[in-house]
Structure formats: C-alpha cells, structure tokens
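Please look through the structure below with its sequence at hand. The paragraphs that follow go from strands to sheets, then to the core, the contact between chains and the confidence of the prediction.

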Amino acid sequence: MALLEVKDLHTSFFTDAGEVRAVNGVSFTLDRGRVLGIVGESGSGKSVTAYSIMQILASTGKIVSGSVKFDGEELVGAGEKVMKNIRGNKISIIFQDPMTSLNPTYTIGKQLMEAILLHTDRNKKEAYDRAVDMLRLVNVNEPEKRMKQYPFEFSGGMRQRVMIAMALACEPDILIADEPSTALDVTIQAQILDLMRDLQKELGMAIIMITHDLGVVAQMCDEVIVMYAGSICEQGTADEIFYNPRHEYTKGLLNSIPTADTAGKKLQPITGTPIDLLNMPAGCPFAPRCGAAMKICLEQRAERMQINDDHMAGCWMNVKRGIEDGSIVLSEPENE
Amino acid sequence: MSEANINDRPLIEIKNLKQYFNINMGMFRSKPLKAVDDVSFTINKKETLGLVGESGCGKTTVGRTILHLYKPTAGEVFYDGRLIKTKADIKEFRKKATMVFQDPYSSLNPRMTVSDIIGEPLDIHRMYSGKKEREEKILELMGRVGLNSEHASRYAHEFSGGQRQRIGIARALAVNPDFIVCDEPVSALDVSIQAQVINMFDELQEMLGLTYLFIAHDLLVVRHISDRIAVMYLGKIVELASADEVYGRPLHPYSKSLISAVPVPDPKKARANERIILKGDIPSPLNAPSGCPFRTRCQYAAEQCAQSMPDFKEIEKGHFVACHRVEQIN
C-alpha cells in the first residue's frame with residue numbers, strides 16, 4: 001500500500017471575484033522512502049496541493065472533492081483531531097521563507113522544544129536533549145549555545161536548518177518541502193539540498209519537494225509531477241520527464257532554461273502569459289500558449305495516458321502520435 | 001579592422017572603485033561597511049559583462065555606484081574615456097546610462113500610468129519638443145518591448161510580472177542609452193517568462209548596440225547572456241574572464257564551488273556531478289576576514305592568505321584571478 005494516496009483532489013478558493021480552482025483533479029501516490037518533486041510556475045497549484053494534504057489552507061480555501069489517504073486512512077473530512085495527530089507527527093512541512101517561519105520573540109530552543117513537547121510524551125529535559133540532538137543532526141555548530149539564541153542571530157541557511165530540525169524532530173514519515181532553498185544563495189542551497197538528501201537516506205522518510213527549479217528536481221527527485229493551472233500535465237520518473245518529455249508544456253519548460261548549449265543562441269520561450277485561473281478555457285489549459293495546439297486541444301482536455309510503466313502524460317499530441325504509428329486504433333463509429 | 005578597434009575600446013571603465021557605508025554602532029561610534037572594496041574593470045562597447053555573487057557580496061552596489069546613485073567613496077568611473085565627476089557630468093552620463101531594477105512590483109510607481117512611467121525620463125531630460133512627439137516616443141518604446149499601445153493609460157498593477165519588467169525596460173530605453181545596468185532583471189519571473197525577457201535583452205542589444213552590466217545570482221542565466229563574467233565575493237572581484245572560461249575552467253576556489261553548486265536540469269549529470277560544498281556562511285562585511293576574504297571557507301587556505309589580500313592579476317590572457325595559491329591548486 002502506498003504511504004500517501006491522493007485521488008482526484010479539487011481545491012478552490014472562494015474569493016469576491018469568484019471561485020478560483022487552484023487544484024483541479026490531482027492524483028498521485030507516494031511510497032515510503034521516495035522523493036517526489038512537484039514542479040510548476042507560480043499559480044500552478046503546487047503549494048496548494050501540499051497545503052491541501054496538510055489541511056492548512058487559508059480561510060477562503062476549501063477542499064471541494066477528492067481523497068487524501070495517509071497509510072490507508074482517509075484525511076479529507078476526518079476532522080481537526082485526526083489532522084492534529086498527522087501534522088508534525090506523520091507529515092511535516094518546511095516553508096520557503098526561513099526568515100518569516102520562525103517566531104522572532106522566542107529562542108530557537110524554545111521553538112524546537114515546543115514542537116517536541118506537543119507531539120511526543122517526552123518531558124522537558126528529554127525534549128531539550130532531543131532538540132540539541134536534532135540541531136547536531138542538521139550540522140549546527142555548538143547546538144547548546146545556539147538553543148539560547150533568537151532567530152535574528154541566525155543566517156538564512158542556518159534558519160532553514162533549524163526549520164528542518166523542527167520538521168524532523170518527531171520522525172515524520174513524509175516531509176513536505178515547499179521551495180526549501182529558493183530564498184537561499186547557491187552555495188547555501190547546495191548545503192541544504194545535500195543535508196536533505198543525507199537525512200532522507202539516513203531516516204528513510206519520503207519527501208515531497210515543491211519547487212519551480214528544474215535543476216533542484218534533477219538533483220533531488222526520484223519521481224516528478226509537472227503541474228500547470230492546477231492540473232497534472234505529466235508525471236513519471238525523473239529520467240523519463242527530463243529525457244523523454246511527452247507534454248508540450250514540459251518540453252517548453254525544459255527548452256526555456258539556459259544551458260551550456262544555448263550560449264550565444266536564442267532561448268525558446270513559451271509564448272504568452274500564464275493563465276487566469278478565474279477564466280479557465282474549456283480545453284487543455286495550456287492550449288492558448290502551446291505551439292502545437294490542435295483544434296481538439298481548445299475544446300477538450302486530454303485524459304492522462306500511460307506512456308510506459310514509469311510515465312503518464314495528458315496531451316493530445318501523444319494520441320496523435322499513437323494514431324500515426326498505429327499503436328492507437330480508433331473504433332469505427334457504429335452504424336445503426 | 002576599424003570596427004574591431006571601436007568595439008575593443010572600453011565604453012565603461014571602473015578604476016579602484018570603493019563604496020563604504022557608515023554603520024552606526026551606537027555611542028557616537030560608527031564603522032565602515034565595505035560594500036565594494038577596490039573594484040576595477042572595463043566593459044567594451046556592445047559587450048555584456050555578467051556580475052555574479054551571493055547576496056551581500058556587493059554586486060548591486062557596484063551597479064548603483066557606477067551610475068552614481070551612491071556617491072563613490074573613492075575611485076573613478078570613466079564613460080567613453082571621460083571621467084564622471086561634477087554634477088553636470090552625472091546628469092549628462094545618466095542620459096547615456098540607465099538601469100533596470102530587480103523587482104518589477106516595487107520599481108514602478110503605482111499611481112502613475114504606463115505612459116507617464118515611460119515618459120518620465122523624457123520629461124526630466126526634456127527630450128521632446130511637444131506633446132505629440134512625447135506621445136509618439138512613448139508608443140514607439142512600448143512597441144519595442146512588445147507592449148500593446150492600448151496599455152498606455154493603464155496602471156502597473158494591471159500587468160503581470162513579465163509585462164511589468166517590459167515597462168521597466170521601456171523606461172530604461174527612453175533616453176536612448178548606450179549602457180544599461182540590469183540588476184537581477186529576470187530573477188522575479190517564472191521560467192517561461194524569464195526566457196522571453198532574456199531574448200528581448202538579446203534582441204535589443206543587437207538592434208540598438210547596447211552595452212550591459214548584467215547583475216544576477218542565477219549562473220545559468222548569466223552564462224547565457226554574458227560575454228565575460230566577473231565573480232564577486234565580499235566586496236571584491238575574485239575572478240574575471242570570458243563566460244566560457246569562468247564556466248569551463250574556473251581558477252579561483254570560490255568560483256569553482258559556486259559553479260559546481262548550480263543545480264543542473266539534467267538528472268544524470270546531477271548524479272555524476274561532484275559538488276564542492278562550502279562550509280559555513282559568508283562572513284559579515286562588517287567583520288570581513290583579514291587578507292583574502294574567502295579564506296575562512298576555502299579548503300586551500302594557507303598562512304599567507306590571512307596576511308595579505310592577493311593581487312588581482314592576469315593569469316592568462318584575459319583571465320584575471322585574485323588568489324595567492326592559484327598556481328598550486330590548478
């Protein structure tokens with residue numbers, strides 16, 4: 001059984017301007033010990049998917065339908081009591097901005113111990129020891145001294161280490177990392193990603209890595225989900241997504257990154273601007289920006305199709321290709 | 001031959017530029033923060049010089065000091081061979097040198113329409129003879145950066161990030177500059193939009209013969225757009241060479257680790273890549289280490305590195321490095 005199973009998840013925000021469908025039928029599974037990357041641009045619904053799993057949406061947001069099962073247990077509609085036991089204990093989250101996710105008025109030690117005291121039966125002394133151990137685990141020097149310091153005395157990279165220590169203090173089965181290294185410098189980002197990778201191997205947890213940086217995905221993830229306008233375009237193993245992309249959006253994204261080969265040449269950007277979630281088109285949400293769009297793309301959304309064992313994509317181009325090479329046979333319309 | 005000569009002449013020349021900020025330490029004491037410390041380089045005509053480094057290394061301050069948005073503490077800025085010194089020089093210089101800012105959300109006045117934002121530099125430098133000419137110039141600029149003329153009377157908040165950056169670029173182009181300081185112009189944009197804007201910088205350079213100082217922390221973007229790259233660390237330039245050299249054969253230990261740390265969008269390469277992970281954080285520029293600023297994080301640091309700042313010397317033709325041990329470690 002998969003550790004986490006998300007099925008046909010729909011999450012909307014009900015604003016004055018109307019219903020914003022931020023997540024539109026997202027389904028995936030995550031097994032123990034795997035690293036799953038969710039990539040997409042701003043507004044693609046990648047963070048909202050994570051917040052829906054944790055049920056920490058803003059007050060206007062609501063899971064409209066779908067199911068989220070953790071270890072076989074349904075979480076949607078399970079109530080706050082169940083979720084309190086899940087959050088921090090079973091599934092932890094670290095946020096993008098390490099500057100604002102710590103409380104500036106408490107010491108690092110107090111904030112770390114709070115998480116441990118809340119979720120475990122440890123007493124204060126044990127919680128203190130655990131907190132010091134966790135800081136040591138994430139390579140913070142002189143942890144005893146650091147416990148007494150306030151967040152402003154920590155650099156960005158150090159704060160993100162504290163956030164990771166806090167998230168891992170109760171040995172969760174899943175760590176959700178929402179752009180964990182975006183606010184950090186390159187060399188510090190390398191330190192943090194390295195640390196996460198080591199801890200993942202050591203502790204064996206699963207990670208959901210939410211990012212817009214395909215480089216980070218290539219470095220960290222076993223499996224990848226590509227999202228656009230609240231839906232999954234394509235999902236598969238990292239190698240499949242990078243070397244055999246089968247959705248026009250994924251191809252466009254990969255082509256628009258500057259690499260060694262593009263120096264001195266023009267990049268191939270995706271034309272147009274990101275979609276307005278309040279006015280979603282009928283067909284494929286990417287069709288208005290897609291260079292290969294056909295008539296059917298504007299009218300109807302392509303179902304996600306199995307490309308091979310490790311790869312699924314929802315793009316009419318695959319159907320077209322299948323018809324052309326004969327692997328998809330259209331049934332004759334029945335005549336009465 | 002003759003054209004090569006023109007292009008080889010530096011348009012911008014910076015000599016021993018220093019920018020210190022006085023930080024109030026309380027009790028009437030203050031301490032200089034050496035944001036830019038003795039930086040020299042040149043930028044040739046129609047060239048793009050990329051300036052990379054981590055936050056706090058002083059790369060933005062270099063850009064702003066060149067334009068005299070900050071008064072330089074010491075050092076000289078030459079434009080086309082002329083020293084920029086008096087107020088009149090600066091005003092004249094700013095007709096030739098402009099800036100595109102990082103954040104397209106806060107760098108546009110929310111109370112001004114697009115046409116007023118783009119027209120403001122024209123107003124300041126009185127670069128039109130009548131209302132009609134002003135209007136025409138603004139529309140031409142909007143067309144140049146791919147904005148629709150019907151957007152002229154709208155306000156900045158009605159646009160997406162990519163379009164706002166286009167407005168910022170149109171404003172920078174308004175005075176017909178030769179030189180533009182681009183301070184992280186694409187880092188706030190999504191990948192697909194980023195590529196559109198990068199291409200536009202390329203096209204404008206070709207079309208108008210512009211010279212860029214391109215400041216960014218995204219090394220893949222900088223390599224793509226730059227002819228030469230300067231790497232900064234704690235207010236000093238530690239390496240400067242052609243883009244291919246800096247990427248393919250970095251000589252300074254900091255550049256080496258910086259380039260190895262870039263996440264490459266290629267899983268197989270990422271798995272094979274031996275990253276050099278630096279220990280620790282960048283020291284505060286208020287308490288910069290003695291000697292070479294990088295020595296506290298450098299795996300090759302030796303005694304001499306603590307004693308004196310290495311000279312910025314030309315190791316090979318066009319490849320400058322500031323490192324005592326550059327010969328031993330390469």
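Strand E1 (residues 4-15) and strand E2 (residues 18-30) of chain A run antiparallel and are joined by 10 bridges. This is a predicted model, and the strands described here are part of that prediction. E1(A) and E2(A) form a hairpin, with two residues between them. Two pairs of residues help to locate the pairing: Leu4(A) stands opposite Leu30(A) in E2(A), and Ser12(A) stands opposite Arg21(A) in E2(A).

The hairpin belongs to a wider sheet. Four strands of chain A form an open sheet in the order E2-E1-E4-E5, with antiparallel pairing. Its edge strands are E2 and strand E5 (73-74) of chain A, each of which pairs on one side only. As a general point, strands of a sheet pair through backbone hydrogen bonds, either parallel or antiparallel.

Chain A also has an open sheet of eight strands, in the order E6-E7-E8-E3-E9-E10-E12-E11, and here the pairing is mixed. Strand E6 (91-94) and strand E11 (305-308) of chain A are at the edges with a single partner strand each, so one side of each has no neighbour in the sheet. From one strand to the next, the twist averages 20°. Within this sheet, strand E7 (residues 174-178) and strand E8 (residues 206-211) of chain A run parallel and are joined by five bridges.

Where does Ile174(A) find its bridge partner in E8(A)? The partner is Ala206(A). Leaving out residues up to four places away in sequence, Ile174(A) touches Leu3(A), Leu4(A), Leu30(A), Lys90(A), Ile91(A), Met205(A), Ala206(A) and Ile208(A). Leu4(A) and Leu30(A), which stand opposite each other in the hairpin, are thus among the residues that Ile174(A) touches.

Ile174(A) also appears in the largest nonpolar core, which has 185 residues. The members that touch the most other members are Leu112(A), Ala165(A), Ile174(A), Ile208(A), Ala170(B), Phe214(B) and Val231(B). Helix H6 (residues 156-168) of chain A gives the largest share of this core, eight residues.

In chain B, helix H6 (residues 161-173) has 13 residues. From its first C-alpha to its last it reaches 19 Å, close to the 18 Å expected at 1.5 Å a residue. H6(B) is mostly covered, with 13 of its 13 residues buried. In general, an α-helix has 3.6 residues a turn, so residues three or four places apart point the same way.

A loop of chain B offers a single residue to follow. Val186(B) lies between strand E7 (179-183) and helix H7 (191-208) of chain B. Why does Val186(B) count as buried? Val186(B) has 27 C-beta neighbours inside 10 Å, and the cut-off for a buried residue is 20 or more. Not counting residues up to four places away in sequence, Val186(B) touches Gln194(B), Val197(B), Ile198(B) and Val221(B). Its C-alpha atom is separated by 13 Å from that of Met99(B), 87 residues apart along the chain.

The two chains meet through 37 residues from chain A and 33 residues from chain B. On the side of chain A that touches chain B, two or more residues come from each of helix H7 (186-203), helix H8 (214-220), helix H9 (238-243) and helix H10 (248-256) of chain A. H7(A) gives the largest share of that side, seven residues.

The predictor gives the complex an ipTM of 0.82 and a pTM of 0.87. Chain B has a mean pLDDT of 90, and 98% of its residues reach 70 or more. Over residues 1-6 of chain B, pLDDT stays under 50, and the model has one contact beyond four places in sequence for them. Where pLDDT is low, the predicted coordinates should not be read in detail.

Key. Residues numbered from 1 in each chain as written. Chains lettered and ligands numbered in written order. Predicted model: local features only at pLDDT ≥ 70, side-chain atom pairs only at ≥ 80, totals over all residues. Expected span 1.5 Å × (residues − 1). Buried ≥ 20, exposed ≤ 12 C-beta atoms within 10 Å, placed from the backbone. Core = buried A, V, L, I, M, F, W, Y, C linked by C-beta atoms within 7 Å. Contact = placed C-beta atoms within 7 Å. Pairing = 2+ DSSP bridges. Axes fitted to C-alpha atoms, helices over the stretch in contact; angles between N-to-C directions. pLDDT = per-residue confidence, 0-100.
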